[in-house]
Amino acid sequence: VNERSLAESLSHGIAYYHEALSANDRRIVEHLFTQGAAQVMLVSRDCSWEIQSSAYLVIVMGTQFFEGREHRYIDYPISEVLQMFGKAGRSLEDKDCKGVLMCPAVKREYYTKFLKEALPIESQLQTFFHDAFVTEISTKTIESTQDAVDWSTYTYFYRRLLANPSFYGVQSTSHEGLSAYLSDLVESTLKDLSDAKLIELDEEEDTVAPLNAAMIAAYYNISFVTMQTLLLSLKRNTKLKGILEIVTAATEFENIQIRRHEEHTLQRIYDRVPVKLAETNFESPHFKAFVLLQAHFSRMQLPTDLAKDQEIILRKVLNLLSACVDVLSSEGHLNAMSAMEMSQMVVQGMWDRDSALKQIPHFEPQVVEACAAAGINDVVEFMEAMDPNENQDYGKLVQAMGLSNQQLADAARFTNDRYPNVELNFELEDPENVTSGSPSYVTVSLEREVEEDEEPNLIVHAPFYPAEKTENWWLVVGEESTRTLLAIKRVTIAKALKTKLEIVLPTLKHTLTLFLMSADYAGVDQAPTFEVEAAEGMDEDDEEEEEEE
């Protein structure tokens, strides 16, 4: 058991289970309770849906929780109370079971009535119509307004519309009234998506087609409101700080819990992080996400409840950053690379200005300083310095770092087996005949340095990221002088990869850069440059004249 207070509690036969416990501790707690080693288990409200154990007696101690955004206590949903009581009764063991609900006297009649009577389950689709339509339009399931209406009639929402029209605000229950209600809902939803520039709506032809933004939103499972925010906020000159603000303003973070009395803790964290906002609002989930994401980059130790909130944020933020890359690159903006750098920051839990050595296991600040004093500033230099045959001061370096043999072995495993060493070669096809306005191709070959009989491990070493992640890379062709992005491709490199990038250039001479950007590791990016001179292409009129001849 990792948590000391939990081990102490278990020694007295009392277990507790909450969302901030590690996966291992949760498993141990459930096992001990199921086996009878722990007689009592306290479970937090948020875990009522994930816990598997059951008991003869279930006591629900209180039926309200504090909602920070509304500054008041709110009743548990009936479905949640029923879920808690569903844990009463062990199969094949108890002939009967008990459930005790502790609530104020004024609520007694309410719970007596609704816990015994079956409640109809109503659809909530009407509040998520935009997101559902974005997905269906992107996959070409919906290609016209009529398709959208037809699709809606196959949903549970339509069934409940017929059964309980007053709940959904339907004025007339006649066939014509229902049709008018559904048509209005569909048309207003499609118009909203069209105004937000997610879809192309042709009312004369009655056709609906997805735009690039809809494809991005559907691919990364991002809400329509967030996509609208990204389209409106991301500009050519948006820097890293701007991307941090925009990403944490996403509606995906709306449901982060705001608890009582945590304002002081957030204030202390905010005072220690480098990026500030013009206005602070400690009761906003977006501001909380903004602070906790920076705390992750600074590797701060957080209380268990805030650490759990931070984990939720980290699990969601990479998809949002990938969407930022796609939105900026589709506009031809080279600052898409700032979002790529932030992706590295999220995975490794470090700032962009931090030493790349911080990714190596056990490399605390004092170890990084010792390496810097020896002139070692990145992982490759560290690997070279750790060769006793090449480095005369090897003994001094090891002594200055102060790491044990086991810790040095962990560092060696990371640098040799996990940290990617990729060789990049590229060639511009037919460089003598590059013409403006016509596509040219850059052939790129990537090769990872591994033993011939060895398969590379593509799982990222990321102890500060809460989920397992596979390596990803971006190939980008851009012109730094004009901050223009000409081509981009997302790739996964196993042992070797060969691919092509298409670029279209205006006239004149250009100095282009081919960027190989990692989505996961800092210090492995490459950026070789090459010169291209684009000759003037023929106009369309000239081409037509030639064809006529």
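Q: Which residue is the bridge partner of Trp474 in β14?
A: In this predicted model, the bridge partner of Trp474 in β14 is Met517. Strand β11 (residues 473-479) pairs with β14 in the antiparallel sense, over six bridges.

Q: What makes β11 and β14 a pair of strands?
A: Two strands count as paired if there are at least two bridges between them. Six bridges are found between β11 and β14, and therefore the two strands are paired.

Q: In what order do the four strands of the open sheet with β14 stand, and why are β12 and β15 called its edges?
A: The order is β12-β11-β14-β15, and the pairing is antiparallel. Strands β12 (484-491) and β15 each have a single partner strand, so one side of each is left without a neighbour in the sheet. On average, neighbouring strands of this sheet are turned by 25 degrees against each other, direction ignored.

Q: Which helix packs on this sheet, and which strands does it touch?
A: Helix α15 (residues 336-348) packs on the sheet and touches β11, β12 and β14. The direction of α15 makes about 20 degrees with that of β14. Angles under 35 degrees count as roughly parallel, so α15 and β14 are roughly parallel.

Q: How do the side chains of strand β15 (residues 529-534) alternate?
A: Phe530, Val532 and Ala534 point to one face and are buried, while Thr529, Glu531 and Glu533 point to the other and are not buried. In a regular strand, side chains alternate between the two faces of the sheet. Strand β15 is joined to β14 (residues 508-518) by six antiparallel bridges, and Lys509 stands opposite Glu533.

Q: What makes β9 and β13 the edges of the open sheet of three strands?
A: The order of this sheet is β9-β10-β13, with antiparallel pairing. Both β9 (422-428) and β13 (496-504) have a single partner strand, so one side of each lacks a neighbour in the sheet. The twist from one strand to the next averages 20 degrees. Seven bridges join β9 to β10 (residues 439-448), and in β10 the bridge partner of Phe426 is Val444.

Q: How do you know that the buried residues of helix α10 lie on the same side?
A: In α10 (residues 224-233), the residues Phe224, Thr226, Met227 and Leu230 are buried. They cover an arc of only 160 degrees around the axis, which puts them on the same side of α10. The buried residues of α10 pack against several helices, including α5 (129-138), α8 (175-195) and α9 (212-220).

Q: Why is α13 called roughly perpendicular to α14?
A: Helix α13 (residues 285-297) packs against α14 at an angle of about 90 degrees, with the axes 9 Å apart. Angles of 65 to 115 degrees count as roughly perpendicular, and therefore α13 is roughly perpendicular to α14. Among the residues that meet are Leu292 and Leu293 in α13, and Ile313 and Leu314 in α14.

Q: How do you know that Cys97 forms no disulfide with Cys103?
A: A disulfide requires two cysteine sulfur atoms within 2.5 Å. The closest cysteine sulfur to that of Cys97 belongs to Cys103 and lies 19 Å away, too far for a bond. A search of the whole structure finds zero disulfides.

Q: Why is Cys103 called partly exposed?
A: Buried means under 20% relative accessible area and exposed means over 50%, with partly exposed in between. The relative accessibility of Cys103 is 27%, so Cys103 counts as partly exposed. Cys97, with a relative accessible area of 39%, is partly exposed as well.

Notes. Residues numbered from 1 in each chain as written. Predicted model: local features only at pLDDT ≥ 70, side-chain atom pairs only at ≥ 80, totals over all residues. Heavy atoms only, no water. Axes fitted to C-alpha atoms, helices over the stretch in contact; angles between N-to-C directions. Buried < 20%, exposed > 50% of the residue type's maximum accessible area, 1.4 Å probe, protein only. Arc of directions from axis to C-beta. Contact = heavy atoms within 4.5 Å. Parallel < 35°, antiparallel > 145°, perpendicular 65-115°, else oblique.
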